[in-house]
There are 2 protein chains.
Amino acid sequence: MASPRPTIDLSDEPGTGRVRRPGGRSAAVRRRALDAALAQLVQHGYDSLSIDVVAERSGVHRTTVYRRWRDIGGLLADILDEASVDAWRPPDTGSLEGDLTAVNHEVYAALTADPVTVALIAASFRSEQAAEALRGFWAGRYDRCADIVRRAVECGEIPAGTDARRLLIAATAPLYHELVLMRAATDAHLPELVARSAATAARAGAFTNR
Amino acid sequence: MASPRPTIDLSDEPGTGRVRRPGGRSAAVRRRALDAALAQLVQHGYDSLSIDVVAERSGVHRTTVYRRWRDIGGLLADILDEASVDAWRPPDTGSLEGDLTAVNHEVYAALTADPVTVALIAASFRSEQAAEALRGFWAGRYDRCADIVRRAVECGEIPAGTDARRLLIAATAPLYHELVLMRAATDAHLPELVARSAATAARAGAFTNR
DNA sequence: CGTTAAACGCTACTACTGTAGCGATAAAAT
DNA sequence: ATTTTATCGCTACAGTAGTAGCGTTTAACG
C-alpha cells in the first residue's frame with residue numbers, strides 16, 4: 001500500500017515500524033540513475049532505454065536499479081514526478097479559446113519536443129507504474145484546468161452546467177490521437193485549430209449535462 | 001518497398017525477378033501461426049503474447065516466425081488485415097448523431113471487448129509494422145466515414161465546408177483518450193455522450209475551414 | 001518427370017529481463 | 001563511539017528476444 005518510491009519522503013505512514021533512510025548514498029544513487037536514464041532517452045531514444053544501459057551509464061548496479069524501480073516505466077515515472085512541478089497553473093489569457101490554445105501548445109510541445117512524455121505513454125502499456133504515474137499526472141492537470149472552464153462560465157462565455165472534464169478532453173484528445181496514436185505529420189497550427197473547435201462547441205452547449 | 005507480407009499476393013511487381021510461393025506449406029504455416037497468436041491473445045492476454053509462445057502453440061519454428069513477421073506487431077498486423085474486411089461500410093441511421101453514435105459503439109466495443117485492437121495499439125509503440133497497419137486501418141475507416149459527414153451536409157444538418165476528418169476525430173478521439181491512454185473506468189454511455197457533443201459542435205460550425 | 005530456389009527447420013550464439021541469496025557499506029539511532 | 005539495519009554491490013541463475021549460418025523440404029516451372 002505504501003508508495004514504493006524511495007525518495008525524500010516525509011509522508012511515511014507512522015503506523016509501520018519501517019524506517020526510511022534517504023540520506024546521502026541513496027539520494028546519490030537515485031540522482032545518478034535518473035540522470036543516466038534521461039540522458040540515454042534524449043540521446044538515443046526510447047527504444048535504446050534499458051535497465052542495463054542505465055546501470056552501465058550511471059555506475060549503479062543493475063540489481064539495485066531493478067530493486068528500486070522495477071522497470072523502465074518506474075524510472076520514467078520517477079523522472080516525471082521530479083519534472084512536473086506542483087506549482088504548475090493553467091494559463092489565463094482572458095478568453096476560453098486563448099486558454100485552450102495555450103494548453104494545447106504545451107501538450108503539442110510535450111508530444112513533439114519532449115521525449116519523456118511519449119516514452120512514458122509507450123511504457124504505460126508495459127509497466128503499471130508508468131500507467132499509474134500518467135493517470136495521476138493527467139488527473140492533476142485536468143483538475144487544475146477546470147479553472148479555465150469555471151472562468152468561462154462566470155463571464156458568460158459558455159453556458160452554466162458545462163462539464164469541465166468533457167470540454168477539456170475534447171480540446172486535447174485530438175492532439176494525442178493525431179500525434180501519439182496515428183503519428184500523423186505534425187501540423188504546427190493543430191493546437192489552435194483543435195482549441196478553436198472545442199471553444200466553439202462549448203459555446204454551443206455541446207458539453208452541458210442533460 | 002515491396003510489402004514484406006508473404007501472403008497470397010498477386011500484386012507482386014513484375015519488374016523484380018522474385019518468385020513468391022504462397023502455396024500449400026507457406027499458407028499452412030501462416031494459418032497455424034496466426035491462429036495460435038490469436039488464441040493466445042484471447043485466452044491469456046497481450047502480455048503473454050511472445051514469439052516463443054506462438055511458435056510452441058503452432059508448431060512453427062521460432063526462427064520461421066521471426067523471419068516472416070519479425071515481431072509480435074507483425075503478427076498482429078497480419079491478423080488485423082485478415083479481420084478487417086474490406087466490405088466495411090459506415091453506418092447510415094438517418095442522422096449525424098445517430099451515425100456517430102453507431103461508429104462510437106463499434107470503437108467502444110473494439111477497445112473493451114476485442115483484445116486485438118488494444119494489443120495492436122500497444123504493439124505499435126514497439127513495432128513499426130504494427131504502427132503502419134494501424135495507420136492504414138484508421139485511414140481507411142476515416143475515409144469511408146467521410147460519407148457520414150457528406151450526407152449531413154447535403155441534408156443541411158451541418159454547414160457546408162465542414163472538415164470531415166476533423167469532425168470524425170473529434171467524435172472518436174475522446175474514446176481512445178479515456179479508454180486507451182487514461183484507462184478510465186469504462187462508462188457504457190460514453191459513446192453516445194461523445195457523439196452527441198461532436199454532432200452539436202458540428203451543427204455550430206466548429207469544424208468548418210476558415 | 002527433373003530442376004531450381006523460396007521457405008522452412010535446426011543449432012548456436014549474443015543481449016536483455018528479472019530474481020535469489022549473501023556479504024559489504026553506511027545512514028540512523030542509541 | 002557503538003549498534004542496528006536499510007540499502008547497495010556482487011555473483012549466479014533461468015527465461016525471453018532476436019539473429020546468423022547451414023542443411024532440408026517442397027512449391028513452382030520447364
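**Exercise 1. State how many residues chain A and chain B each give to their contact, and describe the side of chain A.**

Step 1. Chain A gives 23 residues and chain B gives 23 residues, where two residues are in contact if their C-beta atoms, placed from the backbone, lie within 7 Å. This is a predicted model, in which local features need pLDDT of at least 70 and side-chain atom pairs count only at pLDDT 80 or more, while totals for chains, interfaces and linings use all residues. Residues are numbered from 1 along each chain as its sequence is written, chains are lettered from A and ligands numbered from 1 in the order in which they are written.

Step 2. On the side of chain A that touches chain B, the elements with two or more residues are helix H6 (115-123), helix H7 (128-154), helix H8 (164-181) and helix H9 (190-203) of chain A. Helices (H or I, at least four residues) and strands (E, at least two) are DSSP runs, numbered from the N terminus.

Step 3. H8(A) supplies the largest share of this side, 8 residues.

Step 4. By kind, the side of chain A that touches chain B has 16 nonpolar, 4 polar and 3 charged residues. Here Ala, Val, Leu, Ile, Met, Phe, Trp, Tyr, Cys and Pro count as nonpolar, Asp, Glu, Lys and Arg as charged, and the others, Gly among them, as polar.

**Exercise 2. Find the rotation that superposes chain A on chain B, and name the relation.**

Step 1. The rotation is 179°, with 0.1 Å of shift along its axis and an RMSD of 0.1 Å. Copies are superposed by least squares on the C-alpha atoms of residues with pLDDT of at least 70 in both.

Step 2. That is the relation of a two-fold axis.

Step 3. Both copies use the same surface: 100% of the contact residues of chain A recur in chain B.

Step 4. The residue of chain A that comes closest to the rotation axis is A:Ala201, at 2.2 Å (C-alpha).

**Exercise 3. Describe how H1(A) and H4(A) cross, and list the residues of their contact.**

Step 1. The axes of helix H1 (residues 24-44) and helix H4 (residues 72-83) of chain A come within 10 Å and cross at roughly 100°. Axes are lines fitted to C-alpha atoms, for helices over the stretch in contact, and angles run from 0 to 180 degrees between N-to-C directions.

Step 2. H1(A) and H4(A) are therefore roughly perpendicular to each other (65 to 115 degrees).

Step 3. H1(A) contributes A:Ala33, A:Leu34, A:Ala37 and A:Leu38, and H4(A) contributes A:Leu75, A:Asp78, A:Ile79 and A:Glu82.

Terms used
Angles under 35 degrees count as roughly parallel, over 145 as roughly antiparallel, 65 to 115 as roughly perpendicular and the rest as oblique.
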